[in-house]
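Do you have the structure open in your viewer? Here is a short guided tour: at each stop, select what is named and look around.

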Amino acid sequence: MKPLEDYLVVDFSQFLSGPSAALRLADFGARVIKIERPETGDICRHLYTSNVIMNGESSVFHAINRNKESFAADLKNDADRAQVWELVRRADVVMHNYRPGVMERLGFDYQSVRAQNPTVVYGEISGYGPDGPWRDKPGQDLLLQSVSGLTWLSGNDGSGPVPMGLSIVDMLAGAHLAQGLLACLVRRSLRGEGGLVQVSMLESAIDFQFETLTTFFNDGGQLPQRTRHNSAHAYLGAPYGIYQTQNGYLALAMGSIPKLGELLGCPALLNYPEPKQAFDQRDEIKATLAEHLRTNTTEAWLAVLEPADIWCANVLRWDELLRHEGFRGLEMTQTVRQLDGYEYQTTRCPIRLDGERLTSPVGSPKLGQDNARLQEEFMTSNARQDA
């Protein structure tokens, strides 16, 4: 059995952050019921990535909502609301990612839910937290990357702010919500108490920068300075970065500059024997490295550096990664199937429990596909008497 089997999660969230948290709970065995609007459903069903449409819906939706059930309900309709309450009263976890105040208006806020389900674990994600002047701003990933300072850590000096090419703040907030929910479920199992877990995307983005912000706090308020060449970390010295080679790219992490000079046959690097120079003169060191590394192939450099235990790596595209035996050995992909028989390939949960990979063959749900079965299970008179 997976650890969360027999746990029921009622998930009002949409887009990415909340559904990513619910996905992780589903991976651990929880039964996750998505509450969706009739006709349109989760807006992410139609939020296309590169116009990739799979079985009539967005690839993003399929990726993040596998192994869930869908219950379509109009939360402004009394009859539908009554049906949703039947689910909420039986839930171990109730969660959403609406802006502050929305669930209060709908009547499914924490206090209202706890009044009818005293031991519920209730989770919510907002953009900027429940208080303060930003509380009503939209919690969108690029906006949070921008306001949190995150965009000033990537790219080279002079290139302006550079956002990450992923919805990273959404995913971080989802991971934090899942952590908080699991902690409260442990507490409930020990003491019988429910609880409220609140996560904001802004706080998640700030926590993501704990290393760099701690340095900033204790460095006299000096802003991080990216290097002019091959920047990969504002607070690390040369050689840290990605460099072009004759036929591709090579990533170099921390390492002795003189040792690199010897291994690579680059005498100019021997002029930096002091560890302090790796940071103080990192721009000129990186420029020298960049010029030298273009003279040979990635494979040739790796053949020299890896046996010497230098931290380095090839820089792979997805097509190259998927062909590599290192990727194949992980078995990180799985094929899942929707109720109508449509199959698609996606990733699996990255966590292993007791040495076992967490997989499931169940794909994402069609909108409202589980209404009839859930009504029969939870909303008939017999089901209510058994509750």
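## First stop: Val 88 and its helix

Start by selecting Val 88, which is buried, with a relative accessible area of 1%. Keep in mind as you go that this is a predicted model. Val 88 sits in helix 3. Now show what surrounds Val 88: leaving aside neighbours within four places in sequence, Val 88 is in contact with Val 10, Phe 12, Val 94, Phe 108, Val 113 and Asn 117. For a sense of distance, draw a line from Val 88 to Leu 177: the two C-alpha atoms are 19 Å apart, and the residues are 89 apart in sequence.

Next, widen the selection to helix 3 as a whole, residues 78-90. Helix 3 has 13 residues and spans 19 Å from its first C-alpha to its last, close to the 18 Å expected at 1.5 Å a residue. Which residues of helix 3 are buried? Colour Asp 80, Val 84, Trp 85, Glu 86, Leu 87 and Val 88 to see them. Then move to the start of helix 3, where a side-chain oxygen of Asn 77 comes to within 3.0 Å of the backbone nitrogen of Ala 79.

## Second stop: the cores

In soluble globular proteins, nonpolar side chains tend to be buried together. To see this here, select Val 9, Met 95, Leu 177 and Leu 181: these have the most contacts inside the largest nonpolar core, which has 34 residues. Which elements each supply at least two residues of this core? They are helix 1 (17-27), strand 6 (93-96), strand 7 (121-126), helix 7 (168-191), strand 8 (195-200) and helix 8 (201-208). Helix 7 gives the most, with nine residues.

Centre the view on Met 95 and show its surroundings. Beyond residues up to four places away in sequence, Met 95 touches Val 9, Val 10, Asp 11, Phe 12, Ser 13, Gly 18, Ala 21, Ala 22, Gly 123, Leu 177 and Leu 181. Apart from the largest core lies another, of 26 residues, including Val 10, Phe 71, Met 103 and Leu 374.

## Third stop: His 96

Now select His 96, in strand 6. Is His 96 buried or exposed? His 96 counts as buried because its relative accessible area is 4%, and buried means under 20%. Turn on polar contacts and two partners appear for the side chain of His 96. One is the backbone nitrogen of Tyr 98, reached at 3.0 Å. The other is the side chain of Glu 124, joined to that of His 96 by a polar contact of 3.1 Å. Setting aside neighbours within four places in sequence, His 96 is in contact with Phe 12, Ser 13, Met 103, Tyr 122, Gly 123, Glu 124 and Ile 125.

## Fourth stop: Pro 138 and its loop

Follow the chain to Pro 138, in the loop between strand 7 and helix 6 (141-147). Pro 138 is partly exposed, at 36% relative accessibility. Not counting residues up to four places away in sequence, Pro 138 touches Arg 99, Tyr 128, Leu 143 and Leu 144. Add Gly 127 to the selection: Pro 138 and Gly 127 are 11 residues apart in sequence, with their C-alpha atoms 6.3 Å apart.

While you are here, select Arg 135 and Asp 136. They form a salt bridge, with the closest N and O atoms 3.3 Å apart. Both are partly exposed, Asp 136 at 46% relative accessible area and Arg 135 at 29%.

## Fifth stop: charged pairs

Side chains of opposite charge can pair when their charged atoms come close. How many salt bridges does the model hold? The count comes to 20.

Select Arg 31 and Glu 377, whose closest N and O atoms are 2.7 Å apart in a salt bridge. This pair links distant parts of the chain, 346 residues apart: Arg 31 lies in strand 2 (residues 31-36) and Glu 377 in helix 16 (residues 371-378). Arg 31 is partly exposed at 24%, as is Glu 377 at 33%. Now add Glu 69, Asp 370 and Arg 373, which are linked with Arg 31 and Glu 377 in a network of salt bridges.

One more pair to select is Glu 343 and Arg 337, whose side chains meet in a salt bridge at 2.6 Å, N to O. Glu 343 is partly exposed, at 43%, and Arg 337 also counts as partly exposed, at 46%.

## Last stop: the whole chain

Finally, zoom out and colour by domain. Domain 1 covers 8-208 + 332-380, and domain 2 covers 249-314. Taken over C-alpha atoms, the centres of domain 1 and domain 2 are 44 Å apart.

Notes:
Residues are numbered from 1 along each chain as its sequence is written. This is a predicted model: local features need pLDDT of at least 70, side-chain atom pairs count only at pLDDT 80 or more; totals for chains, interfaces and linings use all residues. Side-chain values use heavy atoms; hydrogens and water are left out. Domain bounds come from an automatic or database domain assignment. A nonpolar core is a set of buried Ala, Val, Leu, Ile, Met, Phe, Trp, Tyr and Cys residues joined through side-chain atoms within 4.5 Å. Buried means under 20% relative accessible area, exposed over 50%, partly exposed in between (1.4 Å probe, protein chains only). Helices (H or I, at least four residues) and strands (E, at least two) are DSSP runs, numbered from the N terminus. Contact means heavy atoms within 4.5 Å. The expected span of a helix is 1.5 Å times one less than its number of residues. A polar contact is a pair of N or O atoms within 3.5 Å; within protein, one must be able to donate a hydrogen and the other to accept it, and residues adjacent in sequence count only if both atoms are side-chain atoms. A salt bridge is a side-chain nitrogen of Lys or Arg within 4 Å of a carboxyl oxygen of Asp or Glu.
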